[in-house]
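Here is a friendly walk through one structure, written for someone who usually meets proteins at the bench. Have the sequence and the 3D view open as you read.

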Amino acid sequence: MLSAAWLLLPAAAAATDRVPVEAFARHAQLSMPELSPDGKYLAVNMNYADGNSHALAVYDVADMTRPISLLRLPKYELATGITWTSNTRLVVEKGRQIGSIDKPSATGEVIATNFDGKKQDYLYGFEAQYGTRATTRGMDRGWGLVAGRPTPANGHFFMTTYSWESRDYSTLYDVDAEKNTRRLVGQIKVAGMNFLVGDDGKAHYAYGRNDDWAFVLYHQQGGGWTQMNAGPHGSSFIPLFFTKDQQRLYATYSKDGGPTTLIEQDESGGNRKLVASDSFGSIGTIELTPYPYQPFATVLATGVPQFAYIDANTPTAKLHRALSLKFPGSYVHFINFSEDGIKLLFSVSSDRDPGSYFLIDTRNYKVLKLFSAAPWIDPAQMAERRPLHFKSSSGAELEAILTIPKGADLSKLPMVLVPHGGPIEVQDDWFFDEDAQFLASRGYLVLQVNYRGSSGRGYNFRNAGYRQWGTGIQQDLIDAVKWAISAKYADPERICIYGASFGGYSALMAPVRAPGMFKCAVGYAGIYDMGMRYKKGDTQESKAGLNALRVQMGDDPAELASNSPVNLAGKIDVPVFLIHGEDDQRAPFAQAKAMRAALDAAHKPYEWLSKPGEGHGFYDEKNNVELYTKLQAFLEKYIGKGV
């Protein structure tokens with residue numbers, strides 16, 4: 001009896017040590033920090049427990065226990081951009097987020113406030129009648145976004161606007177954030193353009209996707225706008241910032257559609273110099289010095305982050321290397337410096353740590369911890385995320401990311417395939433992932449795949465995903481599962497698929513394309529009727545959105561129907577769990593109801609979870625706890641408990 005009791009102790013201890021589901025359902029309270037020009041204040045997004053309410057908070061960096069000011073925003077609204085225009089004033093770009101899966105969408109509104117919450121003003125947007133210039137701005141109708149600010153800060157910023165009345169124009173203004181006055185800087189008769197502004201306060205480049213979803217690039221030097229041809233610049237030349245002497249500029253560039261590189265060249269396009277590149281992955285993050293901003297290191301968009309220093313002997317590079325040594329196994333990112341270069345705001349994060357934020361004084365190297373994104377997460381309890389490469393049946397080399405249950409041997413583990421959303425220009429990466437960590441904490445190996453169409457590999461790789469929703473992309477996912485099985489990472493008898501948004505589509509489509517491979521499927525906020533996207537949902541409400549659908553998904557009714565799970569329910573050979581928010585605008589609730597009706601008609605087993613008031617992904621923490629709890633029970637029912 002003593003021997004039997006002793007054998008039971010480790011299992012009991014393991015059960016007690018399991019990370020509670022609530023830890024993965026909570027939202028980070030503070031996010032998106034920006035340091036004031038003098039390094040005294042920190043502006044952040046503050047998120048409330050319900051996940052749908054947000055505020056702009058300003059702290060004194062010397063006291064992060066309570067904010068100096070708190071600007072509460074209407075439900076679902078939050079700051080999508082924070083820019084300090086002086087030591088005491090900042091402008092905020094407003095956005096809406098109805099659902100945890102979607103990125104916040106800008107509302108086109110720009111407001112201003114002092115650090116202490118006083119002198120709030122409405123600078124641009126459809127409610128301009130409430131601003132101090134209501135008599136002259138009451139007819140502002142359009143979208144506004146911050147395009148940068150002068151350095152040193154002088155109370156002004158640059159704002160790009162897209163008018164609802166003159167939809168064919170993109171306009172750039174110099175705005176006084178204190179007086180709410182604006183001066184025209186540039187304008188181009190092309191919608192949806194971004195601008196690169198030089199230290200001279202003039203617009204030098206305009207670039208972006210037009211309403212036809214085509215990338216275009218224009219240059220202005222001493223006259224009007226000239227469209228740059230695709231030959232020397234390609235479809236991915238993005239001007240970033242000028243060199244110290246303002247004679248040359250840095251840009252990202254994809255030669256022949258391959259992985260994006262960092263280049264330096266004359267403004268006219270001559271004397272191009274390659275700064276950083278890789279044959280597999282695009283340049284992802286570019287680390288910058290204090291003003292005048294210059295790149296000192298780059299990191300690829302794929303794999304485990306590794307810094308490539310452009311000049312390892314510069315003071316900023318040396319500081320970065322020293323801090324990286326203090327946080328082994330973590331990614332140290334320089335967010336922004338004070339204008340005098342003395343104070344530096346930086347973050348430290350990893351695959352097991354959602355991240356913490358610090359302030360360092362570069363005169364004495366004293367480091368002050370400001371806050372952690374999710375202090376309830378213990379990195380020591382989290383799982384390793386391991387990026388690997390495999391060869392698909394098409395011959396392409398693809399990236400897979402495995403999240404390995406802590407303490408488990410990577411050998412014949414029960415596995416969950418988790419396809420990412422999008423599918424175009426979205427990717428999974430090495431950093432902390434709540435879904436993957438939750439599943440790994442329950443003992444499941446998690447497989448994520450950057451299939452064709454994903455970002456991080458260049459434009460040819462992205463374009464390879466066009467019109468491949470139900471065909472090539474699904475084959476990449478299936479090939480990844482076959483690879484995991486052949487490598488003996490996964491138990492072939494214990495594999496399920498779970499995905500959100502396009503991942504939800506894949507969760508229902510992959511079992512059709514690979515009968516017998518999966519034991520169950522979970523579709524969360526998924527698209528199940530491709531043709532419905534042209535009739536319902538927010539994507540089809542704009543010309544650009546419609547063109548994006550045509551380019552990325554296709555518009556042939558027969559092709560859409562043949563690749564829609566609602567029309568293939570009879571071929572789904574696994575139990576299904578459908579999860580959806582009833583207020584979803586991106587993948588309307590009608591998508592889930594149509595899939596449910598198709599499963600009913602085909603007499604297929606399924607489980608159901610829908611929530612009123614939830615959008616594209618659940619926000620309410622109670623609903624997320626229920627989602628994760630039922631997801632775990634569903635997986636255990638069909639592939640057994642995890643290791």
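## A covered helix

With twelve residues at 1.5 Å each, helix α9 (residues 502-513) should span 16 Å, and its end C-alpha atoms are indeed 16 Å apart, which agrees. The expected span here is 1.5 Å times one less than the number of residues in the helix. Helices (H or I, at least four residues) and strands (E, at least two) are DSSP runs, numbered from the N terminus.

Before going further, please note that this is a predicted model, in which local features need pLDDT of at least 70, side-chain atom pairs count only at pLDDT 80 or more, and totals for chains, interfaces and linings use all residues. Residues are numbered from 1 along each chain as its sequence is written, and side-chain values use heavy atoms, leaving out hydrogens and water.

Is α9 mostly covered or mostly open? It is mostly covered, as eleven of its twelve residues are buried (buried means under 20% relative accessible area, exposed over 50%, and partly exposed in between, with a 1.4 Å probe and protein chains only). Among the buried residues are Phe502, Tyr505, Leu508, Met509 and Val512. The cover over these buried residues includes α8 (472-486), β32 (490-500) and α12 (589-601), where contact means heavy atoms within 4.5 Å.

## Two hairpins

Five of the seven residues in strand β24 (residues 331-337) are buried, so to speak of it as mostly covered is fair. β24 runs antiparallel to strand β25 (residues 343-349), and six bridges join the two (strands pair if DSSP finds at least two bridges between them). Val332 has Val348 of β25 opposite it. Five residues separate the strands of this hairpin, and Gly341 in the turn has a positive phi of about 80°.

Strand β17 (residues 238-242) is largely enclosed by the rest of the structure, because four of its five residues are buried. Four bridges pair β17 with strand β18 (residues 248-253) in the antiparallel sense, and Phe241 stands opposite Tyr250 in β18. This hairpin has five residues between its strands, with Gln246 taking a positive phi near 65°.

## An open sheet

Look next at the four strands that make an open, antiparallel sheet in the order β9-β10-β11-β12. β9 (142-148) and β12 (181-188) are at the edges with a single partner strand each, so one side of each has no neighbour in the sheet. From one strand to the next, the twist averages 30° (axes are lines fitted to C-alpha atoms, for helices over the stretch in contact, and angles run from 0 to 180 degrees between N-to-C directions).

Within this sheet, seven bridges join strand β11 (residues 170-176) to β12. Ser170 stands opposite Ile188 in β12.

## Salt bridges

How many salt bridges does a search of the whole structure find? The total is 22, counting a side-chain nitrogen of Lys or Arg within 4 Å of a carboxyl oxygen of Asp or Glu. In one of them, Glu77 meets Lys94 at 2.9 Å, N to O. Glu77 is in strand β5 (residues 77-84) and Lys94 in strand β6 (residues 89-96), 17 residues apart.

Lys94 also forms a salt bridge with Glu109, with 3.7 Å between the closest N and O atoms. Glu77, Lys94 and Glu109 are thus linked in a network of salt bridges. Both Glu77 and Lys94 are buried, and Glu109 is buried as well.
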